[in-house]
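Here are some short exercises for you to try with a protein model. Have a go at each task before you read its solution.

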Amino acid sequence: TIPDSVTDIEFGAFSDCWNLTTVNYIGDEASWNEIYIQEDNDCLTNAERNYLEYVAPAPYTINSITIKDLSGNALSEIPGTKFLATVSITNKSVAGDSMVVLGEYSALGKFNGLMYVNVEDMPEGATFKLSIPVDNTEGDVDSLKAFVWDSFESMRPLGNSVVCK
(Lines give C-alpha, C1' and ligand atoms only; values in the text may rest on other atoms or scores of the structure.)
Protein backbone atom coordinates (compact mmCIF):
# COMPACT_ATOMS: atom_id res chain seq x y z
CA THR A 1 0.00 0.00 0.00
CA ILE A 2 1.30 3.44 -0.91
CA PRO A 3 1.46 5.78 2.08
CA ASP A 4 -0.64 8.93 2.15
CA SER A 5 0.23 11.16 -0.78
CA VAL A 6 -0.39 14.67 -2.03
CA THR A 7 -3.97 15.35 -3.11
CA ASP A 8 -3.83 19.13 -3.66
CA ILE A 9 -1.14 21.62 -4.75
CA GLU A 10 -1.84 25.22 -3.81
CA PHE A 11 -1.87 28.21 -6.18
CA GLY A 12 1.68 29.16 -7.24
CA ALA A 13 3.44 26.56 -5.09
CA PHE A 14 5.88 25.89 -7.98
CA SER A 15 5.59 29.25 -9.74
CA ASP A 16 9.30 30.22 -9.60
CA CYS A 17 10.86 26.75 -9.85
CA TRP A 18 12.45 27.28 -13.28
CA ASN A 19 15.10 24.61 -12.64
CA LEU A 20 12.44 21.96 -12.09
CA THR A 21 12.75 19.75 -15.16
CA THR A 22 11.85 16.28 -13.85
CA VAL A 23 9.31 15.00 -11.32
CA ASN A 24 9.65 11.47 -9.94
CA TYR A 25 6.16 10.45 -8.87
CA ILE A 26 5.39 7.24 -6.98
CA GLY A 27 2.24 6.02 -8.71
CA ASP A 28 0.81 5.91 -12.21
CA GLU A 29 -0.47 8.60 -14.56
CA ALA A 30 -4.07 8.04 -13.47
CA SER A 31 -3.23 8.73 -9.82
CA TRP A 32 -1.17 11.80 -10.85
CA ASN A 33 -4.18 13.13 -12.73
CA GLU A 34 -6.27 12.87 -9.55
CA ILE A 35 -4.10 15.53 -7.86
CA TYR A 36 -5.82 18.92 -7.87
CA ILE A 37 -3.15 21.33 -9.12
CA GLN A 38 -4.20 24.95 -8.82
CA GLU A 39 -3.14 27.67 -11.28
CA ASP A 40 0.33 29.23 -11.63
CA ASN A 41 2.17 25.90 -11.35
CA ASP A 42 3.42 25.69 -14.94
CA CYS A 43 6.94 24.74 -13.81
CA LEU A 44 5.48 21.63 -12.22
CA THR A 45 2.96 20.71 -14.91
CA ASN A 46 5.47 21.23 -17.76
CA ALA A 47 8.22 19.12 -16.14
CA GLU A 48 8.93 15.62 -17.41
CA ARG A 49 7.29 13.01 -15.16
CA ASN A 50 8.65 9.60 -14.25
CA TYR A 51 6.06 7.23 -12.81
CA LEU A 52 7.68 4.93 -10.26
CA GLU A 53 6.50 1.78 -8.52
CA TYR A 54 6.08 2.02 -4.77
CA VAL A 55 8.53 -0.19 -2.88
CA ALA A 56 7.62 -0.76 0.76
CA PRO A 57 10.45 -0.42 3.27
CA ALA A 58 12.11 -3.66 4.32
CA PRO A 59 10.52 -4.99 7.51
CA TYR A 60 13.70 -6.52 8.98
CA THR A 61 17.19 -5.15 9.57
CA ILE A 62 20.16 -7.41 10.12
CA ASN A 63 22.39 -5.37 12.40
CA SER A 64 25.51 -7.54 12.60
CA ILE A 65 27.15 -10.95 12.60
CA THR A 66 29.58 -11.62 15.44
CA ILE A 67 31.87 -14.62 15.79
CA LYS A 68 32.48 -16.40 19.10
CA ASP A 69 34.23 -19.57 20.12
CA LEU A 70 32.13 -22.32 21.69
CA SER A 71 32.85 -20.88 25.16
CA GLY A 72 31.31 -17.56 24.12
CA ASN A 73 34.54 -15.57 23.74
CA ALA A 74 34.51 -12.98 20.94
CA LEU A 75 36.75 -13.69 17.94
CA SER A 76 38.06 -11.20 15.38
CA GLU A 77 37.96 -13.61 12.44
CA ILE A 78 36.44 -16.88 11.34
CA PRO A 79 38.44 -19.72 12.96
CA GLY A 80 39.31 -23.09 11.44
CA THR A 81 37.29 -24.83 14.15
CA LYS A 82 33.69 -25.08 15.29
CA PHE A 83 32.32 -21.70 16.37
CA LEU A 84 29.14 -19.69 16.90
CA ALA A 85 27.91 -17.04 14.46
CA THR A 86 25.53 -14.66 16.25
CA VAL A 87 23.15 -12.70 14.05
CA SER A 88 21.52 -9.57 15.50
CA ILE A 89 18.19 -8.76 13.81
CA THR A 90 15.45 -6.16 14.32
CA ASN A 91 11.82 -6.56 13.28
CA LYS A 92 10.84 -3.05 12.21
CA SER A 93 7.35 -3.58 10.91
CA VAL A 94 6.01 -7.03 10.16
CA ALA A 95 3.79 -9.52 11.92
CA GLY A 96 4.09 -13.20 11.20
CA ASP A 97 6.80 -15.74 10.62
CA SER A 98 10.07 -15.53 8.72
CA MET A 99 13.43 -17.23 8.56
CA VAL A 100 16.96 -16.03 9.25
CA VAL A 101 19.40 -17.62 6.83
CA LEU A 102 23.17 -17.89 7.25
CA GLY A 103 25.09 -18.78 4.10
CA GLU A 104 28.66 -20.13 4.11
CA TYR A 105 31.12 -19.11 1.36
CA SER A 106 34.68 -20.16 0.46
CA ALA A 107 37.58 -17.78 -0.16
CA LEU A 108 36.70 -17.76 -3.88
CA GLY A 109 33.06 -16.94 -3.12
CA LYS A 110 31.78 -20.47 -3.74
CA PHE A 111 28.56 -21.20 -1.89
CA ASN A 112 29.16 -24.03 0.59
CA GLY A 113 25.72 -24.32 2.14
CA LEU A 114 23.36 -22.65 4.53
CA MET A 115 21.76 -22.91 7.92
CA TYR A 116 18.50 -21.30 8.90
CA VAL A 117 16.28 -20.64 11.87
CA ASN A 118 12.53 -20.17 11.64
CA VAL A 119 11.35 -17.10 13.52
CA GLU A 120 7.78 -17.23 14.79
CA ASP A 121 5.79 -14.31 16.22
CA MET A 122 8.71 -11.94 16.72
CA PRO A 123 7.18 -8.76 18.17
CA GLU A 124 7.29 -5.65 16.00
CA GLY A 125 10.10 -3.36 17.14
CA ALA A 126 12.00 -6.17 18.87
CA THR A 127 15.70 -6.87 18.40
CA PHE A 128 17.10 -10.29 19.14
CA LYS A 129 20.24 -12.35 18.59
CA LEU A 130 20.41 -15.86 17.17
CA SER A 131 23.52 -17.96 17.70
CA ILE A 132 24.05 -20.53 14.99
CA PRO A 133 26.78 -23.20 15.28
CA VAL A 134 29.18 -23.42 12.33
CA ASP A 135 31.64 -26.25 11.68
CA ASN A 136 34.75 -24.96 9.92
CA THR A 137 37.08 -27.82 10.86
CA GLU A 138 37.78 -28.39 7.13
CA GLY A 139 38.70 -24.69 6.75
CA ASP A 140 36.43 -24.05 3.77
CA VAL A 141 34.35 -21.24 5.34
CA ASP A 142 35.92 -17.87 4.56
CA SER A 143 32.83 -15.68 4.95
CA LEU A 144 29.25 -15.76 6.16
CA LYS A 145 26.22 -13.89 4.83
CA ALA A 146 23.06 -13.40 6.88
CA PHE A 147 19.69 -12.46 5.40
CA VAL A 148 15.95 -12.85 6.06
CA TRP A 149 13.43 -14.63 3.81
CA ASP A 150 9.69 -14.99 4.10
CA SER A 151 9.93 -18.76 3.35
CA PHE A 152 11.85 -21.38 1.40
CA GLU A 153 9.02 -21.54 -1.13
CA SER A 154 9.32 -17.97 -2.40
CA MET A 155 12.65 -16.90 -0.83
CA ARG A 156 11.44 -13.28 -0.88
CA PRO A 157 13.97 -11.09 0.93
CA LEU A 158 12.54 -9.18 3.89
CA GLY A 159 15.50 -6.93 4.59
CA ASN A 160 19.16 -6.23 4.09
CA SER A 161 22.01 -8.70 4.22
CA VAL A 162 25.27 -8.55 6.17
CA VAL A 163 28.58 -10.24 5.32
CA CYS A 164 31.18 -11.32 7.86
CA LYS A 165 34.71 -12.26 6.80
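A residue counts as buried under 20% relative accessible area, as exposed over 50%, and as partly exposed in between. Keep these cut-offs at hand, and remember that you are looking at a predicted model.

**Exercise 1. Gly72**

Task: Decide whether Gly72 is buried, partly exposed or exposed, and find where Gly72 sits along the chain.

Solution: Start with the relative accessible area of Gly72, which is 39%. This value lies between the two cut-offs, so Gly72 is partly exposed. Next, look at the neighbouring elements: Gly72 belongs to the loop between strand S5 (60-68) and strand S6 (74-75). Finally, pick out Ser93 as a partner for a distance check. Gly72 and Ser93 are 21 residues apart in sequence, and their C-alpha atoms are 31 Å apart in space.

**Exercise 2. The overall build**

Task: Work out how many helices and strands the protein has, and in which pattern they follow one another.

Solution: Counting the elements gives 2 helices and 12 strands. Reading along the sequence, you should find β-β-α-β-α-β-β-β-β-β-β-β-β-β. Now compare the radius of gyration with the globule rule: the protein has 24 Å, well over the 15 Å that the rule gives for 165 residues, so the protein is more spread out than a compact globule. For the dimensions, the C-alpha trace spans about 70 × 35 × 30 Å along its principal axes.

**Exercise 3. Surface, contacts and charges**

Task: Find what share of the residues is buried, and what share of the contacts joins residues at least 24 apart.

Solution: Of the 165 residues, 33% count as buried. For the contacts, take those between residues at least 6 apart in sequence; 65% of them join residues at least 24 apart. The accessible surface comes to about 10300 Å², and carbon and sulfur atoms account for 49% of that. As a last step, turn to the charges: there are 9 positive and 25 negative ones, and their mean positions lie 15 Å apart.

**Exercise 4. A serine in a strand**

Task: Say whether Ser88 is buried or exposed, and which residues Ser88 touches.

Solution: First place the residue: Ser88 is part of strand S7 (residues 82-91). Its relative accessibility is 7%, so Ser88 counts as buried. Then leave out residues up to four places away in sequence and list the contacts of Ser88: Thr61, Ile62, Asn63, Ser64, Thr127, Phe128 and Lys129.

**Exercise 5. Cysteines**

Task: Determine how many disulfides the structure holds.

Solution: The count is 0 disulfides. Take Cys17 as an example: the nearest cysteine sulfur, that of Cys43, is 6.0 Å away, and Cys17 is in no disulfide. A disulfide would need the two sulfur atoms within 2.5 Å. Cys17 is partly exposed at 30% relative accessible area, whereas Cys164 counts as buried at 10%.

**Exercise 6. Positive phi angles**

Task: Find where Asp40 and Met155 lie, and what phi Asp40 and Met155 have.

Solution: Begin with the background: most residues other than glycine have a negative phi. Asp40 has a positive phi, near 65 degrees, and lies in the loop between strand S3 (36-37) and helix H2 (42-45). Met155 has a positive phi too, near 50 degrees, and lies in the loop between strand S11 (143-149) and strand S12 (162-164). To finish, check the accessibility: Asp40 is partly exposed at 37%, and Met155 is partly exposed at 41%.

Notes: Residues numbered from 1 in each chain as written. Predicted model: local features only at pLDDT ≥ 70, side-chain atom pairs only at ≥ 80, totals over all residues. Heavy atoms only, no water. Helix = DSSP H or I, 4+ residues; strand = E, 2+ residues; numbered from the N terminus. Rg over C-alpha atoms; globule rule 2.2 N^0.38 Å. Buried < 20%, exposed > 50% of the residue type's maximum accessible area, 1.4 Å probe, protein only. Contact = heavy atoms within 4.5 Å. Areas by Shrake-Rupley, 256 points an atom, 1.4 Å probe, with all protein chains shown as cover. Lys, Arg positive; Asp, Glu negative; His and termini not counted. Charge placed at Lys NZ, Arg CZ, Asp CG, Glu CD.
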